Amino acid sequence: MLDTVQRANIYSETLGPEQFGIIQKPLTLAEKIYNQSWIRKIFILVILAGAWEIYGRWLDNQLLVPPFSDAVRALFADVADGTIPARALSSMEVLLVGFATGALLAGLLTVFAISTRIGTDFLETMTAMFNPLPAIALLPLALIWFGLGAGSLVFVLVHSVMWAVALNTLAGFRSVSTTVRMVGRNYNLRGLRFVARILIPAAFPSILAGLKIGWAFAWR
């Protein structure tokens, strides 16, 4: 027969909260302030502004580095008399005209490319030639062609926007599945109707990504 194993009795007691040690140490006021990221960023900006002010006063040359306080006074003065709002509005108008023109031309090029093989070859060739070219490099040529003014800026903006939007739109059109294309063909959709009702809705995420990239390039 097997011997009976004697097990020791186990006793447990419930401890109150006061019998535990410190579970969570409360933060001091300095630690709470330091944990706020926006306060740390403001502190960095204050340090930079102070360094700017000190260096500007030490250099004592308004043309090279005016002190921070002078720059702030000039900013408020130009905002108050309407100089900066008027010029900002003018810049936004040029930006929107250039962006809209570039996006429209990119759409026309992409429709031409997706409709014919020669259009595809044309868009791929032009993109390979001009897309790597920085838009600012065309500014001297634009100044010769269009002179000083909004025309040369719109030309540079169109170059910045058009190729990025066209590339993403063409990639989106090509990614549309054969099944979706066949549905459009079964409904007897051809040409622009096929592009507007089948390709654009199906490729909209890629088109939107191209517009975002074009908008970023236009700002740059």
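Helices are DSSP runs of H or I with at least four residues, numbered from the N terminus. The helix labels in the legends below follow that numbering.

**Figure 1. The whole chain, a predicted model, is built from helices.** The protein chain has 10 helices and 0 strands. Read from the N terminus, its elements run α-α-α-α-α-α-α-α-α-α. The chain has 220 residues, and 23% of them count as buried. Its exposed surface comes to about 16,500 Å². Carbon and sulfur atoms supply 68% of that surface. Take the contacts between residues at least 6 apart in sequence: 59% of these join residues at least 24 apart.

**Figure 2. The largest pocket holds about 520 Å³ of space.** Its lining is made up of 23 residues. Closest to the pocket centre are Val 156, Ser 160, Phe 217, Ala 218 and Arg 220. Three labelled helices, α4 (83-115), α7 (150-174) and α10 (204-219), each give two or more residues to the lining. Which helix gives the most to this lining? It is α7, with 7 residues. By class, the lining has 18 nonpolar residues, 4 polar ones and 1 charged one.

**Figure 3. Ser 160 sits among the residues closest to the centre of the largest pocket.** Ser 160 belongs to helix α7, the element that gives the most to the pocket lining. Is Ser 160 buried or exposed? Ser 160 is buried, because its relative accessible area of 13% falls under the 20% limit. Setting aside residues up to four places away in sequence, Ser 160 touches Ala 135 and Phe 217. Phe 217 is itself listed with Ser 160 among the residues closest to the pocket centre.

**Figure 4. The largest nonpolar core gathers 17 residues.** Leu 123 and Met 162 have the most contacts inside this core. Helices α4 and α7 each supply at least two of the core residues. The largest share comes from α7, with 9 residues. Beyond this core there is a second, separate one of 9 residues. Among its members are Leu 189, Ile 198, Ala 203 and Ile 207. In soluble globular proteins, nonpolar side chains tend to be buried together.

**Figure 5. Leu 123 and Thr 110 touch each other.** Leu 123 is one of the residues with the most contacts inside the largest nonpolar core. Leaving out residues up to four places away in sequence, Leu 123 touches Leu 109, Thr 110, Ala 113, Trp 163, Ala 166 and Leu 170. Thr 110 lies in helix α4. Thr 110 counts as buried because its relative accessibility is 0%, under the cut-off of 20%. With the same sequence neighbours left out, Thr 110 touches Leu 123, Ala 166, Thr 169, Leu 170 and Phe 173. Ala 166 and Leu 170 therefore appear in the contact lists of Leu 123 and of Thr 110.

**Figure 6. Ala 142 in helix α6 is in contact with Ser 152.** Helix α6 covers residues 139-146. How far apart in space are the C-alpha atoms of Ala 142 and Ser 152? The separation is 4.8 Å, while the two residues are 10 apart in sequence. Ala 142 is buried, with a relative accessible area of 0%. Its neighbours within four places in sequence aside, Ala 142 is in contact with Gly 147, Ser 152, Phe 155 and Val 156. Val 156 is also one of the residues closest to the centre of the largest pocket.

**Figure 7. Asp 60 has a positive phi in the loop between α2 and α3.** The phi of Asp 60 is about 55°, although Asp 60 is not a glycine. The loop runs between α2 (37-59) and α3 (68-80). Asp 60 is exposed because its relative accessible area of 67% is over the 50% limit.

**Figure 8. Ala 49 is a buried residue of helix α2.** Ala 49 has a relative accessible area of 16%. Ala 49 and Ser 69 are 20 residues apart along the chain. Their C-alpha atoms are separated by 8.9 Å.

Conventions. Residues are numbered from 1 along each chain as its sequence is written. This is a predicted model: local features need pLDDT of at least 70, side-chain atom pairs count only at pLDDT 80 or more; totals for chains, interfaces and linings use all residues. Side-chain values use heavy atoms; hydrogens and water are left out. On a 1 Å grid over the protein atoms alone, a cavity is a set of points where a 1.4 Å probe fits but cannot get out, and a pocket is an open set with protein on both sides within 12 Å along at least five of seven lines; lining residues have an atom within 4 Å of a point. Grid points are joined across faces, edges and corners, and a volume is the space filled by probe spheres set on the points. Ala, Val, Leu, Ile, Met, Phe, Trp, Tyr, Cys and Pro count as nonpolar, Asp, Glu, Lys and Arg as charged, and the others, Gly among them, as polar. Buried means under 20% relative accessible area, exposed over 50%, partly exposed in between (1.4 Å probe, protein chains only). Contact means heavy atoms within 4.5 Å. A nonpolar core is a set of buried Ala, Val, Leu, Ile, Met, Phe, Trp, Tyr and Cys residues joined through side-chain atoms within 4.5 Å. Accessible areas come from the Shrake-Rupley method with a 1.4 Å probe; for residues, only the protein chains shown count as cover.
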